[in-house]
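Student: Please take one part of this model and go through it closely, with its side-chain pairs and its surroundings. I would like one connected account rather than a list.

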Amino acid sequence: EECRTTVKICETGLFQTCLSFLTSLLDNYTETGEVFDEMHVERLFVFSITWSFGGLLDRNDGVRFSSILKNLTKSFPDDNPSNPISVYDYYVDESGEFDLWQIRPQLMPSAVT
């Protein structure tokens with residue numbers, strides 16, 4: 001069963017948004033002359049997918065999307081089964097690791113807080 005967005009949007013627009021988001025994230029890092037490892041780029045890509053595709057879903061579909069995405073990549077930290085964490089709870093820190101928004105609340109998007 002597929003997830004449905006809360007607003008109508010064409011698939012091309014979703015991909016364009018995702019790639020624009022990823023390009024913006026990569027540009028922020030390349031200005032510093034940093035070199036990425038493969039996992040760092042994957043995490044930035046997954047983060048871009050999370051917010052460009054998953055950001056348009058309602059809560060129920062967002063939970064399903066989170067589960068699907070975590071099963072498709074091994075880049076997220078391991079979940080604690082008694083307290084599962086959503087892909088929406090993570091951001092990519094300066095070192096290229098996923099970290100929890102709650103650790104640095106000043107970085108949280110205002111719609112999330």
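**A close look at helix H3 and its surroundings**

Tutor: Arg64 has a relative accessible area of 27%, so it is partly exposed. This is a predicted model, and every value here is computed from it. The side chain of Arg64 meets that of Asp61 in a salt bridge, with N and O 2.5 Å apart. Asp61 has 12% relative accessibility and therefore counts as buried, the cut-off being under 20%. The two residues, Arg64 and Asp61, are three apart in helix H3, which means that about one helical turn separates them.

The structure holds two salt bridges. Besides the pair within H3, Arg43 forms a salt bridge with Glu97, where the closest N and O atoms are 3.5 Å apart. That pair connects distant parts of the chain, since Arg43 lies in helix H2 and Glu97 in the loop between E1 and E2, 54 residues apart. Arg43 counts as buried at 11% relative accessibility, while Glu97, at 39%, counts as partly exposed.

Back in H3, the aromatic residues come next. Nine aromatic pairs are found in a search of the whole structure. In one of them, the ring centres of Phe65 and Tyr88 lie 6.5 Å apart and the planes stand at 35°, so the pair is tilted rather than stacked (under 30 degrees) or edge-to-face (over 60). Phe65 belongs to helix H3 and Tyr88 to the loop between H3 and strand E1 (90-92), so this pair ties together parts 23 residues apart in sequence. Phe65 and Tyr88 are both buried. Another pair, Phe15 with Phe53, has centres 5.4 Å apart and planes at 75°, so it is edge-to-face. Here too distant parts are linked: Phe15 is in helix H1 (residues 11-30), Phe53 is in the loop between helix H2 (38-52) and helix H3 (59-72), and 38 residues separate them. Elsewhere, Phe21, Phe47, Tyr91 and Trp101 are joined into a cluster by ring pairs.

Phe65 also has a place in the largest nonpolar core. This core has 22 residues, and Phe65, Leu69 and Phe76 touch the most other members. At least two of its residues come from each of H1, H2, H3, E1 and E2, and H1 gives the largest share, five residues. Beyond its neighbours within four places in sequence, Leu69 contacts Val46, Ile49, Thr50, Phe76 and Val87.

Val46, Ile49 and Thr50 are among the buried residues of H2, as are Arg43 and Phe47. The buried residues of H2 pack against H3, and also against H1, E1 and E2. H2 has 15 residues, which at 1.5 Å a residue should span 21 Å; its end C-alpha atoms are 21 Å apart, so the two agree.

The loop that carries Glu97 deserves a last look. Asp93 sits in the loop between E1 and strand E2 (98-100). Its relative accessible area is 12%, so Asp93 is buried. The side chain of Asp93 makes a polar contact of 2.8 Å with the side chain of Ser95. Setting aside neighbours within four places in sequence, Asp93 is in contact with Tyr29 and Asp99.

Methods
Residues numbered from 1 in each chain as written. Predicted model: local features only at pLDDT ≥ 70, side-chain atom pairs only at ≥ 80, totals over all residues. Heavy atoms only, no water. Phe/Tyr/Trp six-rings, centres within 6.5 Å; stacked < 30°, edge-to-face > 60°. Helix = DSSP H or I, 4+ residues; strand = E, 2+ residues; numbered from the N terminus. Buried < 20%, exposed > 50% of the residue type's maximum accessible area, 1.4 Å probe, protein only. Polar contact = N/O pair within 3.5 Å; in protein donor to acceptor, adjacent residues only side chain to side chain. Contact = heavy atoms within 4.5 Å. Core = buried A, V, L, I, M, F, W, Y, C linked by side-chain atoms within 4.5 Å. Expected span 1.5 Å × (residues − 1). Salt bridge = Lys/Arg side-chain N within 4 Å of Asp/Glu carboxyl O.
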